[in-house]
Amino acid sequence: MAAPNLLLSMGRLFEMPAALGRVIRPYSTSQAFADVLRLPKEQLTKLVFPLQELERQLLPESRPNFNLKTFDPSLEDIARAESCFTATARNRIEYLSSAERLDHAPDLLRPEVCFIGRSNVGKSSLIKALFSLAPEVEVRVSKKPGHTKKMNFFRVGKYFTLVDMPGYGYRAPEDFVDMVETYLKERKNLMRTFLLVDSVVGIQKADSIAIEMCEEFALPYVMVLTKIDKSSKGHLLKQVLQIQKFVDTKTQGCFPQLFPVRSRTNRIYTIKFTSFTK
């Protein structure tokens with residue numbers, strides 16, 4: 001999938017305030033969306049475009065090598081994403097079922113996206129934030145690693161099904177490999193995988209195994225960097241550069257842009273992210 005340079009078209013958010021009402025009027029947007037667009041330019045950039053904020057820390061001679069690419073949703077895209085994740089009578093968002101094996105998983109026709117990552121990487125927290133406009137959907141978040149033991153399936157309206165996968169690594173289910181590998185390999189309606197990586201420690205051995213599975217099965221996947229607020233800007237920039245280089249040189253199916261999220265993810269911070277899940 002082609003993606004423009006990170007620095008392109010950021011200005012559209014600030015050059016088109018009068019057009020905002022026309023763009024999003026057909027969609028039911030939350031107050032959070034309106035609030036974030038009223039933020040000062042510098043604060044909005046830091047909140048919604050943290051990679052661009054990081055680029056400012058580089059020396060000018062280093063910037064040509066900072067090969068970040070970006071998914072740059074329009075205001076209409078963001079508003080549409082908000083409506084997808086907003087529970088209404090006509091847009092049902094709900095927990096469907098859980099399964100320990102693929103043959104126990106619900107037989108669904110809608111496209112699926114799955115979230116996978118090491119135990120305690122922040123996966124459940126991110127999914128809970130995505131469902132914050134559907135408060136009746138319960139996503140359990142635990143401080144103890146390995147809380148998720150099954151594949152959990154959630155309906156996101158008529159659009160797609162979101163699958164919360166068990167964490168790998170510490171306290172992973174004993175049958176984790178069979179469960180997850182079979183799902184990734186054989187689930188016909190799996191359209192995209194979101195692979196979460198802890199930005200504090202970078203890509204670990206267990207992450208490499210998950211990446212290898214996505215590559216082996218030719219799955220389109222996205223690397224999500226969690227906990228970006230847990231380390232200094234210098235350390236985070238080092239990790240981003242290393243992981244971006246890995247994506248550029250060692251992967252075939254990974255989307256070229258990294259998606260950073262904070263440890264305390266909230267609805268405002270996920271508006272750009274949600275527009276990509278479609």
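This report describes the surroundings of lysine 227 and the pairing of strand 3 in a predicted model.

Local features need pLDDT of at least 70 and side-chain atom pairs count only at pLDDT 80 or more, while totals for chains, interfaces and linings use all residues. Residues are numbered from 1 along each chain as its sequence is written, and side-chain values use heavy atoms, without hydrogens and water.

**Lysine 227**

Lysine 227 lies in the loop between strand 6 (221–226) and helix 10 (233–250); helices (H or I, at least four residues) and strands (E, at least two) are DSSP runs, numbered from the N terminus. With a relative accessible area of 17%, lysine 227 is buried, because buried means under 20% relative accessible area (1.4 Å probe, protein chains only). Beyond its neighbours within four places in sequence, lysine 227 has contacts (heavy atoms within 4.5 Å) that include Asn120, Val200 and Arg262. Serine 263 is 36 residues away in sequence, yet its C-alpha is 4.2 Å from that of lysine 227. The side chains of lysine 227 and aspartate 198 share a polar contact of 3.5 Å; the term denotes a pair of N or O atoms within 3.5 Å, where within protein one must be able to donate a hydrogen and the other to accept it, and residues adjacent in sequence count only if both atoms are side-chain atoms.

**Strand 3**

Of the 6 residues in strand 3 (residues 151–156), 5 are buried. Its pairings are tabulated below; two strands pair if DSSP finds at least two bridges between them.

| Strands | Direction | Bridges |
|---|---|---|
| Strand 1 (residues 93–99) and strand 3 | antiparallel | 6 bridges |
| Strand 3 and strand 4 (residues 160–164) | antiparallel | 5 bridges |

Valine 156 in strand 3 stands opposite isoleucine 93 and also opposite phenylalanine 160 in strand 4. Strands 3 and 4 form a hairpin with 3 residues between them, and glycine 157 in the turn has a positive phi of about 55°.

Methods. Buried means under 20% relative accessible area, exposed over 50%, partly exposed in between (1.4 Å probe, protein chains only).
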